[in-house]
Each structure stands twice: as C-alpha cells, then as structure tokens.
Amino acid sequence: MDLVQASEHGFAVGSWNQYVFLEAPRAAGSAPHGPDAADTARRAALAARQRFQRRGRSVRPSFGLAARPHAQELLDRLTAADGPTTIVCEGPAGMGKSAVAEEVIELAADRGWPVLPFRMDEVDAGDRTAQAVGSRLGLPSSPAVLIAQVADGGPALLVVDQLDAVSSYSGRIPEVFEAVDEMLETLATSPNVRVVLVARTVDVEKDPRLTSLVSQEKTVERFALGLLDDEAVRAVLEQGGTPSERLGAETMALLRTPLHLAVFSRLTKTARTTAYRSLQDLYDRYTDEKRREAERSLPPEAWTAITQHLVEEMSRRETVTVPYALLDRFARTDLAVLSSAGILLHAENGRIGFFHETYFDYLFARSFVLAGHDLHDFLAASGQALFRRAQTRQVLEHLRDTDRAAFRHTAVRLLTSDLVRPHLRFVVLAVLEQLDATSEDWASLEPHAWGEDVTADSLRRLLALPSWFEAADTGRWEKWLAAPEGVPLVLPQLEWSTLHHPARVTELLEPYRDADGPWRQRLLSWVQSRPSVHALELILALIGRGDFDVAPDGSSGTGADFWRLFEQLAEEDAVAALQVLGAFLTRGLRQAAAAGHGDPFASGHLPTRAGSSLGTLVTEAAEAAPSAALEHVLPFVVAVARASHAALADVSLLRPRWALPPSELQPDLDEALYGAVHESLRTLAQRDPSSVTEAMGILTAAEGGRALSFLICRAYTVWDRPDEALAWLMSDPEHARIGWMDSACWASRELIAATTKRCEDATLERLIHLLLRLVPSWERVPENRALFGRTQYVLLDAVDERRRSTVVQRRLGELERKFGQHPPVGPRNSTAHLVGAPVPRSAGEHMTED
C-alpha cells in the first residue's frame, strides 16, 4: 500500500503522523558548487515543497477543511514592513497547525517565493547538526544553507514543522534542537529568508530554549491558533450532510478543535448524530466502526494482534513508528486492510505507525487498563523518558472516564512516589488541573496537600481553579480560615479564586473585617490585588476606618495603595470604582478639615501627583459612568471649590483652586476630578437632561466662585433651558466673564450663542439691555483705552444673527470697525506649554473687579 492510497483515509490537521521522504538520499556534504549548483539546489527545494504539499492534499478530510483566516494573516505578518523574520505558529495539540503551515506554503509559492518545508519528526536522535538533518532528509546541504542559496537575496520561506518533536518538554529527541538553533543562526545573515516554526504552545512555554527564542521580540513573533468558530464548524458539517442543530452544545464545542472535527468527519452518518464529550469518546466510536469495517476482510483476532503488537513495540522503543519488518509475521494483505481503513500508515522509508500519535496514545491507554497493569509500576520500570508523558496522560484520562476510584488512587500514588520523576508528576498535575473535580476527588488529595514539598504546594494550587474551589467548598474553606496555622497556606488560592467566585470569596472573608492581628493586612492585600464589586461594602468600610489614609508626607501606615485598587476596580466596574473614589475623597476632606484645612490637596491629605496617570484613570472612569461621577465626585468638587474660594478669593479671584479651567493634557488628580465633573455634566445634560437637575441645583446654590460658575455655564450651554440659563448669566456681572486663560469670556459667549436661538423675546431684550451697558472696570483705565468695548464686542457678537435688533447691529458695526482686524477667538487646544492672556498683564490684574 503506497502513501497516497493509505492517506485517502487520513486527515489534514496539525500533527498527523505522515512520513514523507525524498526518493533518493544524497551523500552528506556541504552546499553544492559549480555551474549546476544553483539549479541542483532549486530542484531539491522544489521537490521537497511538492512532496510536502502533495501529502497535505492527499490527507484532507472528505468534508474539506474548515475556513480559517490564519494562513493569510500569518503571511501578511511575514511580508509586513515591520514584520519579524521568524514566526512561531503555535497552538494546543490538534489545533491544525500543520494544515495552516501548508496553506502558508501555497500562498508563498503563489507569490513566487522559493519555499523549503520539512518536519522534525522525520529526523533521528543522532542528527544534531543542520547538515545531518539535511542529509537525513536527502537534501544536498543544511536546509538553511539550501534555501538561502536558492533565494539568492530575494524573499524565501523555510518552514520547520513538528518542532515539538525536539522539545525538551514533550519531544522524543530534544537533543536535535541544536540543529534547528544552528539553522536559525545561519539565517541571521539572510534576513530575506523568513522562517515559520510550528510547535505546540505548551512546548513553547515550557521548553526554556523555545521560551528564549520567542522572547526576541524584534525578530521573532508568536502566532497563536485558536479554536474554529461555530460558523466554520457548521459549514463543514453541513457539507458532509450533518445538520449542526442535531448536535448538542457540548459536541459542537468539542468539534471546534480541528483534530476532533477531522475524526468526527470519518464517522458514519449515524454516528455523526451522537453526542461526544472528548477525543476519547470520538476514538471509541471511530475504533468500533473501523474495526467492524476491517474485520469483514480480516481473519479472527487479526485486528487485536496487529494493533496490540504495534502498540507494544512502539512503547518499548519509545517512538511513534517502527520498522515495517517488525510486522513480518502478519500477512501483508491484513496490514493493507488496516491501512485502507485509515488506521495504519506505511511510509516510504520502510516504517509504519498509526495515522496519528494521539491514536497510538489512546490505544496504549485502552489496552494498558484492560490488561490490569499498574501505571506506577510500569513507569518505575520503564526509564521514564519524555516519551512516557503522553502515555501517562492517556492512561490517567482513560481511568478518569472509566474508573474514578482507580484514577484517584493512581494519581495519588504517582504524586507521592519517590520512584516517579518530576516531569511525570507534572503530567499528573496537568490532568488534575483539567478535571471536573468533586469533593471526593479533593478528599483523596487533601492528606498530601499540607506539607512543605513541591507536590503539596502544587496540590494546594489546584484550589485556585474553579472546579477545585467548589470541590473544597463543603465547609473546608471556613475551617481552614479559622485555623491560624492554615491561613497562609490557603489564602493565596482563595485570593486567586476571586476571579471566578468573587461573591463566595467575599462571603468567606467578610467575617474577618474587624479581626485583630494579621487579618487587617490580609484583607488590604486582597482588596488591592483582587478588587471586586462584590466586596464593595467591605472596601468602603476599610476606607472609612482609615486603612487607605495617606499622611501629608505621602507615607501610609498600612502600606495600602488606594490607586492600585481603583485602577483594577475601574477595569471591572466604573460605577463601583467611582463610588469607592468618592468615599476616599470624602475621607481626605474630613482629614483636612480635622487639621484646619478645607482643601485636602493644599493640606497634603490628598495627592495631586503631577505627571502621574491618576488623572487619566479618573477621566476614563467618568467617561464610562458619568452619572456615578456626578453622584460621587461632584459633592467633593463643590466642597473644595467653596473652601478654596472662601480662603483665597479676597487675595485674588484667580488664586482659588480651579479658578481657571485646568488643562486636559495629562491632568493631575485635582484637575482630572474637576474635568470629570465638567464632562459628566455636559454629557448628561445632552443625553438625559432631567438627570442633571439635582446637580445643577447644588451648583447654583453653592458659593464656589469662578470654579463652580464655569461648570454651571458650560452645563447650561448644552442644557436645553435657554431662559433659565440666561437668567443665571444675568444674575451676576461676573457670569459675563467666564472662560479660559487665553479667552477670558469665551464660555459666556458660547452660552449666549446657544441660548439666544431659542429664548423668549423678553429674556433676549433683557440680555441686550445688559450687554449694551457692559464695560468692565479694567477697560476704563487709561492704559487699556484701546481695549475699551472688547468684552462687549465678544459677547454681543454671539447673539443669534436672526434676532439682532437695529440697535445691536449698529453697535456691532461700531465695534467691528474698532476690533475687526482681531475678531473673537476661542481658547487654543491644550498644549504642553503655557499660553498667555489676550490682554496685557496690567489689564488682567483688574479683571477681578466688577
């Protein structure tokens, strides 16, 4: 049975064990030289690519491949001006990494790029140099040297598939990674050659060599493959005649993994209407159907004899293929039947294996358990090489699904045995992490979870996972928290559990709110590291009792950082964050008052934090929840503005806090608080006018000087109450000169422009009467005679043109003749430097008078 015939029953997913070899191996040596060298190199690269692509086409599932954008996206990164030279295409097992690599190869070849792809599971343990790998693959030189030669300075692509075969975490020949490292070093001088490495995510994150490689951010980039989306899965199912609506949600979620979808696609039509929970379920059904099909042409017991012998030999040799000669005692026709059924693959190099390594792991686990073998004893006697990791996982998962008591016993024995190596204990822990745990599961582990060794610590860490947290939540958490010696062991897991069970964790910790001793610091640490809206009342209580107080010198008696808490809480819920902020500000206001100050920023009880990001945090929270900003921040702003105005207005109207609108560019905390109220008022005045009625009542009743007048003026400008707005404007001469540093009455002008379009005639008549007589005292002094009438001009020019009387038009004509070369100009955009006023400094000094 040749490769193409056998592959008709295969699948095109990430790590199918296909074995493609060149027709005639060449002798090892350096890159070819001479007049035919370039042609020889091109033909070798082309042949390798064509074989790689031919394999991919021949093993695609009958349903076809699910539509995915990854290949084009990956190529786009390779060709981008800021793209990396190397991309690591990664994903969990069965995620279709090799299929994506094959698509990338086709896209690159369509662009005219030379492409050289190969698989690291085709090499042997002794191939530790790039030259040796090339020789193993039948290439005339190292793959890196060959593709650089073919590229000749132009764009080219080297694809290294199945890199996890040489991983130190799960690979079978980790020492061969040296050859890959040598290839990458060779291509460092050929940036025109792009490289795609294909590996499992777990290997990228667990193998220090791969971790170091992907940390080279300027030249290496990770490209993670995710699950198929629901629409892509439905399209494949419908193409194969399987209505997706007949499958349950659990099965549909399972089929989002390309490997699982590929196995599913090989089932009979009847089997494709059954629910499946795991790959093991799919393999159970697949095996049953393929065995029935094959046994029509096989002698009795041939299936069992062949597959069992192959599993035993592969396990003994710690490899996923074996020489074909090891099956000489079986009839070739029987082997051909299994190949035709898509169970075996007989490769061109005289080796044979199962269609995918996960199927080998499945068959091994199934036969191992049925035979009554003990996993601990098997591992203790087997040498415990990396090859045993997958087998350990498969046996444990098989026990998990078929005999839970045996699973618990086996897991505990493996974790507590000195005869089992750490890398296999990690496999046990990884299986436990994925477990839908029960209270019985935790009961079997708990006796071993309280030591100081690594295994005990790892078992306790399980409690931070959702299912294990629930498994232990049968009165155990309360018991552990009540025991002083146990709290340090379980509290870290409880803190992490806030991410998935925030309400329950808060309920467990709430009784310790007023506890003495270390609990005060524990609660502070928890609410800062894992703040949650469910803990809002507790946080407010901690603020109220002073746990977040900051002394005028910036020190904190508890070491607590309120702003760390606020930032994290704002990411979850801006309303809750602003409520907490309001409590913190109120606390600072009270502290300042107790020290004889009305402004906690001036007294040092609250920081302004120049150049910090606090202002940005407050601004973003207020933008997300403007109503909450008014409810919790406005009272504080009003109180500080009133106190500052009362203390400093007699010195100068420009001295109180916020007397001039603060800059929006990198605002300090006090500026951001004021800005948050300002923007919230204007946003709600337009979005929900009735919602600002109470706030406007508070502002208009307060005596807060220019700071509060600016807020009122800006809110009235966008609030659809023109007559009320103009009545307020005319109630105080100072209201006619509200604005910014470089445009002193521009806010008043904007208010007039917005309201004179819709106000009553009587209101407009009163306004005109006031404006025609408006001359600030500073314009009357001799040195400012050139500016006489400027304020009147700026404001009168804002009256709606359609409602200007003859008197107004005549007066504007006079003013335009005087100031026409300098028409009214609004405030400049915020910049990083100070801007001066449009009037001389001597004139500005008089603006505090009526």
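Is Tyr276 buried or exposed, judged by its relative accessibility? Tyr276 counts as buried, because its relative accessibility is 3%. This residue belongs to the loop between α12 (258-265) and α13 (279-295), and its C-alpha lies 7.6 Å from that of Leu254, although the two residues are 22 apart in sequence. The structure described here is a predicted model, and the values below are to be read in that light.

## Strands and their pairing

Strand β4 (residues 193-200) is mostly covered, eight of its eight residues being buried. The side chains of Val193, Val195, Leu197 and Ala199 point one way from β4, while those of Arg194, Val196, Val198 and Arg200 point the other way, and all of these residues are buried. The two arginines, Arg194 and Arg200, thus belong to the group that also holds Val196 and Val198.

Strand β4 has pairing contacts with β1 and with β3. With strand β1 (residues 86-91), β4 pairs in the parallel sense over six bridges, and within this pairing Val88 has Leu197 of β4 as its bridge partner. With strand β3 (residues 156-161), β4 again runs parallel, here joined by five bridges, and Ala156 stands opposite Val193 in β4. Leu197 and Val193, the β4 residues named in these two pairings, are both among those that point one way from the strand. In general, the strands of a sheet pair through backbone hydrogen bonds, in either the parallel or the antiparallel sense.

An open sheet of three strands has the order β6-β8-β7, with antiparallel pairing. Strands β6 (322-323) and β7 (344-346) stand at its edges and have a single partner strand each, so one side of each is left without a neighbour in the sheet. Strand β7 is joined to β8 (residues 351-354) by three bridges, and these two strands run antiparallel; in this pairing Leu344 stands opposite Phe354 in β8.

## Charged side chains

The count of salt bridges in the model comes to 50. Three of them are set out here, with the distance given between N and O atoms.

| Salt bridge | N to O distance |
|---|---|
| Arg209 and Asp207 | 3.0 Å |
| Glu397 and Arg393 | 3.6 Å |
| Asp797 and Arg804 | 3.9 Å |

The partners in these pairs can be considered by their accessibility. In the pair of Arg209 and Asp207, Arg209 counts as partly exposed because its relative accessibility is 29%, whereas Asp207, at 0% relative accessibility, counts as buried. The pair of Glu397 and Arg393 lies in helix α18 (residues 388-402), where the two residues are four apart and therefore separated by about one helical turn. Glu397 counts as buried at 19% relative accessibility, a value that falls under the 20% cut-off for a buried residue, whereas Arg393 is partly exposed, with a relative accessible area of 29%.

In the third pair, Asp797 counts as buried at 17% relative accessibility, and Arg804 is likewise buried, with a relative accessible area of 18%. Elsewhere, salt bridges that share partners join Asp473, Glu478, Arg504 and Glu507 into one network.

Charged residues also form a surface patch: Glu178, Asp181, Glu182 and Glu185 make up a negative one. Among them, Asp181 lies in helix α7 (residues 177-187) and counts as partly exposed, because its relative accessibility is 41%.

## Positive phi values in two loops

Most residues other than glycine have a negative phi. Asp152, which is not a glycine, has a positive phi of about 50°, and Gln384 is another residue other than glycine with a positive value, its phi being near 55°.

Both residues are placed in loops, and their accessibility can be stated for each. Asp152 is found in the loop between α6 (143-151) and β3, the strand that is joined to β4 by five bridges, and Asp152 counts as exposed because its relative accessibility is 69%. Gln384 has its place in the loop between α17 (375-382) and α18, the helix that holds Glu397 and Arg393, and Gln384 is buried, with a relative accessible area of 5%.

Terms used:
Residues are numbered from 1 along each chain as its sequence is written. This is a predicted model: local features need pLDDT of at least 70, side-chain atom pairs count only at pLDDT 80 or more; totals for chains, interfaces and linings use all residues. Side-chain values use heavy atoms; hydrogens and water are left out. Patches are made of residues with over 30% relative accessible area and no salt bridge: like charges are joined within 9 Å, nonpolar side chains (Val, Leu, Ile, Met, Phe, Trp, Tyr) within 5 Å. Accessible areas come from the Shrake-Rupley method with a 1.4 Å probe; for residues, only the protein chains shown count as cover. A salt bridge is a side-chain nitrogen of Lys or Arg within 4 Å of a carboxyl oxygen of Asp or Glu. Lys and Arg count as positive and Asp and Glu as negative; His and the chain ends are not counted. The place of a charge is taken as NZ of Lys, CZ of Arg, CG of Asp or CD of Glu. Buried means under 20% relative accessible area, exposed over 50%, partly exposed in between (1.4 Å probe, protein chains only). Two strands pair if DSSP finds at least two bridges between them.
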